[in-house]
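Here is a short tour of one protein chain, written for the bench. Have a look at the model first, and then we can walk through it together.

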Amino acid sequence: MPDMRIARIALTDCLPIRRAVLWPGRTAEECLVPGDADALHYGAFADGVLAGCGSFFPVDDRTVRLRKCAVLPECQGQGIGSALLRRAFADLRPLGFTGITLDARLTAVAFYRRFGLAPRGAPFVKSGLRYVVMEGTLPEGIDRAG
């Protein structure tokens, strides 16, 4: 497992990861999404290099929406995404957030289930990929290490 550090990062730091993993071929500006300016952005650093990111958008005063969570392909399967979520969840609870929602690729449903999230509704297609809405309560007692 790499030496890992999770921290809040600037939106501009997320864009290269979004571009590499989610939207190859787009410009950095095309990787922006509505609400980015108000989101909380987290980065996962593996051996000092930014390897993943996730952005949390307030839906209301109790719920956040996770969007654009990605880990570089060569860094996947090393616990980086899990560490990022654990740290973000631990930071978000003291801010008053208790619920989370996200659109999960069907290939990632098992990953999010490990955090207690459950699918809601039928799968749908977005940009040619199959997704399902997942929702749940932000887990309590998660370690803030990272």
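How much of the chain over residues 2-139 is helix, how much is strand, and how far apart are the end C-alpha atoms?

## The annotated domain

This is a predicted model. Over residues 2-139, 22% of the chain is helix and 41% is strand, and the C-alpha atoms at the two ends are 25 Å apart. That stretch carries the UniProt feature "domain: N-acetyltransferase", which comes from an unreviewed entry.

## Overall fold

The protein has three helices and seven strands. Read from the N terminus, the order of elements is β-α-β-β-β-α-β-α-β-β. Its radius of gyration is 14 Å, close to the 15 Å given by the globule rule for 146 residues, so the protein is as compact as a globular protein of that length. The C-alpha trace spans about 35 × 30 × 30 Å along its principal axes.

Among contacts in the protein with a separation of 6 or more, 62% are between residues 24 or more positions apart.

## Inside and outside

Of the protein's 146 residues, 45% count as buried. The protein exposes about 7500 Å², with carbon and sulfur atoms supplying 52% of that area. As for charge, there are 19 positive and 15 negative charges, and their mean positions are 5 Å apart.

## A look at Ala20

Ala20 sits in helix H1, which covers residues 11-22. Is Ala20 buried or exposed? Ala20 is partly exposed, because its relative accessible area is 44%, which lies between the 20% and 50% cut-offs. Ala20 and Glu140 are 120 residues apart along the chain, and their C-alpha atoms are separated by 32 Å.

Key
Residues are numbered from 1 along each chain as its sequence is written. This is a predicted model: local features need pLDDT of at least 70, side-chain atom pairs count only at pLDDT 80 or more; totals for chains, interfaces and linings use all residues. Side-chain values use heavy atoms; hydrogens and water are left out. UniProt positions are given in the numbering used here, feature names are shortened, and annotations may be inferred rather than shown by experiment. Helices (H or I, at least four residues) and strands (E, at least two) are DSSP runs, numbered from the N terminus. Buried means under 20% relative accessible area, exposed over 50%, partly exposed in between (1.4 Å probe, protein chains only). The radius of gyration is taken over C-alpha atoms; the globule rule is 2.2 Å times the number of residues to the power 0.38. Contact means heavy atoms within 4.5 Å. Accessible areas come from the Shrake-Rupley method with a 1.4 Å probe; for residues, only the protein chains shown count as cover. Lys and Arg count as positive and Asp and Glu as negative; His and the chain ends are not counted. The place of a charge is taken as NZ of Lys, CZ of Arg, CG of Asp or CD of Glu.
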